[in-house]
Amino acid sequence: MAIEHFHCPTCHPRLVRGSTPAVCGAVIPPPIEGRGASQKCGPCKKALDKHRPGHR
């Protein structure tokens, strides 16, 4: 099952899969063809609450 990470366009304007970090700190993986089911990244959800106020 693939995991969907959150990309912050303010911190990293250009998304380069395989090298751009997600909000949780993990690298956003390259797309997988026919990946089927996916789930949202739990650490990204938690990190997003702390990350957003930094842009205000």
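How many salt bridges does the structure hold? In this predicted model the structure holds one salt bridge, and a walk through the chain can start from the two residues that form this pair. Lys 40 is paired with Glu 4, and the closest N and O atoms of the two residues are 3.7 Å apart. Because Lys 40 belongs to strand β2 (residues 38-40) while Glu 4 belongs to strand β1 (residues 2-4), the pair ties together parts that are 36 residues apart in sequence. As for their surroundings, Lys 40 counts as exposed, with a relative accessibility of 56%, whereas Glu 4, at 29%, counts as partly exposed. In general terms, side chains of opposite charge can pair when their charged atoms come close.

The two strands joined by this pair belong to a short list of elements, since the chain contains one helix and two strands, and these follow one another from the N terminus in the order β-β-α. The C-alpha trace spans about 40 × 20 × 15 Å along its principal axes. Of the 56 residues in the chain, 18% are buried, and the chain exposes about 4,300 Å², of which carbon and sulfur atoms supply 54%. When contacts with a separation of 6 or more are considered, residues 24 or more positions apart account for 42% of them.

The loop between β1 and β2 is the place of Thr 20, a residue that counts as buried because its relative accessibility is 5%. A polar atom in the side chain of Thr 20 lies 2.7 Å from the backbone nitrogen of Val 16. When neighbours within four places in sequence are left aside, Thr 20 is in contact with His 7, His 12, Arg 14 and Leu 15, and also with Ala 26, Val 27 and Ile 28.

The cysteines call for a careful reading, given that the structure holds zero disulfides. Cys 8 takes part in no disulfide, and the nearest cysteine sulfur to its own, that of Cys 11, is 3.7 Å away. Why is the sulfur of Cys 44 not bonded to the closest cysteine sulfur, in Cys 24? The two sulfurs are 3.6 Å apart, which is too far for a bond, because a disulfide is counted here when the sulfur atoms are within 2.5 Å. Both Cys 8 and Cys 44 are nevertheless placed away from the exposed class: Cys 8 counts as buried at 7% relative accessibility, and Cys 44 counts as buried at 4%.

Helix α1 (residues 42-51) includes Lys 45, which is exposed, with a relative accessible area of 52%. Although Lys 45 and Val 23 are 22 residues apart along the chain, their C-alpha atoms are separated by 8.6 Å.

How far these details can be read depends on the confidence of the prediction, and the chain averages a pLDDT of 88, with 98% of the residues scoring at least 70. Among the elements, confidence is lowest in β1, at a mean of 87, and highest in α1, at 90. The strand with the lowest mean, β1, is also the strand in which Glu 4 lies, while the helix with the highest mean, α1, is the one that holds Lys 45.

Terms used:
Residues are numbered from 1 along each chain as its sequence is written. This is a predicted model: local features need pLDDT of at least 70, side-chain atom pairs count only at pLDDT 80 or more; totals for chains, interfaces and linings use all residues. Side-chain values use heavy atoms; hydrogens and water are left out. Helices (H or I, at least four residues) and strands (E, at least two) are DSSP runs, numbered from the N terminus. Buried means under 20% relative accessible area, exposed over 50%, partly exposed in between (1.4 Å probe, protein chains only). Contact means heavy atoms within 4.5 Å. Accessible areas come from the Shrake-Rupley method with a 1.4 Å probe; for residues, only the protein chains shown count as cover. A salt bridge is a side-chain nitrogen of Lys or Arg within 4 Å of a carboxyl oxygen of Asp or Glu. A polar contact is a pair of N or O atoms within 3.5 Å; within protein, one must be able to donate a hydrogen and the other to accept it, and residues adjacent in sequence count only if both atoms are side-chain atoms. pLDDT is the predictor's confidence in each residue, from 0 to 100.
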